[in-house]
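I am opening a notebook on one protein chain. The plan is to look things up one at a time and write down what turns up.

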Amino acid sequence: MALWAGIFCLGILAGCGNAETPKKDTAAEKSAATVSNAANPVIETILSRRSIRRYKPQPVGRDTMQIILNCGINAPNGQNKQSWEVRVVDNPEFINGVTEIFKKESKMAESPDFKNMFRNAPTVVFIANDPSYGASQIDCGLMGENMILAAWSMGIGSCCLGSSAAFMKTPAAAEYLKKLDFSEGYQLLYCIAFGYPDETPEAKPRDAGKVRFIE
């Protein structure tokens, strides 16, 4: 929820700076926008992105992940507080170790396709926020979206994981949460699975009716 709330709030803030009533596009402008959007790699990345839940075993190289992380920490954030902390885990011993605990606690592990609790991804990014700053969840959401889009533009899939983060905060997984070594006061908010896609899911429909211009 933090991710989508962040994007929504960003849109509100962007709109507040425009005091003039926007004019409706003419037919020519609409046509030009359609052509421009089709040739715009940023828009293409956003519209083609899919959440991936099946990954190839090939790990994502650290040099590639560093680019993704740099895109993440360059996201907009309130008062430049950068109220996030990020931990990257690509160590199979960590992933498999906490997964063995997860197997004992969750029926999700009974699936025949189950390999690890992070949708079988070889790389997991854990994102923590500073709850003492009210907008920290929004900031963390914006950062995560930057990483997701950067990854997709390089052929790397991802999936936001709330339930996996919730399990990491249970007593059963306390040892592994401690290994993430977040600073005092920071709380694990969510995690993102990264890896090379082993599926090509179709886009789920979006309800455009929930978006309106106010005259």
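**Entry 1: a term to settle.** I call a residue buried under 20% relative accessible area, exposed over 50%, and partly exposed in between. I tried this on arginine 62, whose relative accessible area is 61%, so arginine 62 is exposed. I also note that the model is predicted.

**Entry 2: the whole chain.** I looked up the elements and found eight helices and four strands. Read from the N terminus, their order is α-α-α-α-β-α-β-α-β-α-α-β. The chain has 215 residues, and 36% of them are buried. I noted an accessible surface of about 13,400 Å², with 54% of it belonging to carbon and sulfur atoms. Next I took the contacts between residues at least 6 apart in sequence, and 83% of these join residues at least 24 apart.

**Entry 3: salt bridges.** How many salt bridges does a search of the whole structure find? The search gives five. I looked at some of them in turn.

One salt bridge pairs aspartate 113 with arginine 54, and their closest N and O atoms are 3.1 Å apart. Aspartate 113 is in the loop between α5 and β2, and arginine 54 is in the loop between α3 and α4, so the pair ties together parts that lie 59 residues apart in sequence. I checked the accessibility of both partners. Aspartate 113 has 39% relative accessibility and counts as partly exposed; arginine 54, at 41%, also counts as partly exposed.

Arginine 62 came up again here, in a salt bridge with aspartate 90 whose closest N and O atoms are 2.8 Å apart. This pair links distant parts of the chain, 28 residues apart, with arginine 62 in helix α4 and aspartate 90 in the loop between β1 and α5. Arginine 62 is exposed, while aspartate 90 is partly exposed at a relative accessible area of 21%.

Lysine 179 and glutamate 175 form another salt bridge, with the closest N and O atoms 3.7 Å apart. Both residues are in helix α8, four residues apart, which is about one turn of the helix.

I added a general remark: side chains of opposite charge can pair when their charged atoms come close.

**Entry 4: the nonpolar cores.** Which residues have the most contacts inside the largest nonpolar core? I wrote down Phe94, Val98, Met117, Phe118, Phe126 and Met168, in a core of 28 residues. At least two residues of this core come from each of α5, β2, β3, α7 and β4. Helix α5 gives the most, with five residues.

I then followed valine 98. Leaving aside neighbours within four places in sequence, valine 98 is in contact with Met117, Phe118, Phe167, Met168, Ala173 and Tyr176. There is also a second, separate core of 18 residues, including Ile68, Met147, Ile192 and Phe194. My general note is that in soluble globular proteins, nonpolar side chains tend to be buried together.

**Entry 5: nonpolar residues on the surface.** I looked for nonpolar side chains outside the cores as well. Val42, Ile46 and Leu47 make a nonpolar surface patch of about 300 Å². Valine 42 lies in helix α3 and is exposed, with a relative accessible area of 53%.

**Entry 6: two polar residues inside.** Is asparagine 129 buried or exposed? At 4% relative accessibility, asparagine 129 counts as buried. Asparagine 129 belongs to strand β2, and a polar contact of 2.9 Å joins its side chain to that of serine 136. Beyond its neighbours within four places in sequence, asparagine 129 is in contact with residues including Ser83, Cys140, Tyr186 and Leu189.

Glutamate 145, in helix α6, also counts as buried, at 15% relative accessibility. Its C-alpha is 9.5 Å from that of cysteine 71, though the two residues are 74 apart in sequence.

**Entry 7: backbone angles.** Most residues other than glycine have a negative phi. I found a positive phi of about 55° at glutamine 79, which is not a glycine. Glutamine 79 is in the loop between α4 and β1 and is exposed, with a relative accessible area of 66%. Arginine 119 also has a positive phi, near 60°. Arginine 119 sits in the loop between α5 and β2 and is partly exposed at 35%.

How values were computed: Residues numbered from 1 in each chain as written. Predicted model: local features only at pLDDT ≥ 70, side-chain atom pairs only at ≥ 80, totals over all residues. Heavy atoms only, no water. Patch = residues over 30% accessible without salt bridge, like charges linked within 9 Å, V, L, I, M, F, W, Y side chains within 5 Å. Areas by Shrake-Rupley, 256 points an atom, 1.4 Å probe, with all protein chains shown as cover. Salt bridge = Lys/Arg side-chain N within 4 Å of Asp/Glu carboxyl O. Buried < 20%, exposed > 50% of the residue type's maximum accessible area, 1.4 Å probe, protein only. Contact = heavy atoms within 4.5 Å. Core = buried A, V, L, I, M, F, W, Y, C linked by side-chain atoms within 4.5 Å. Polar contact = N/O pair within 3.5 Å; in protein donor to acceptor, adjacent residues only side chain to side chain.
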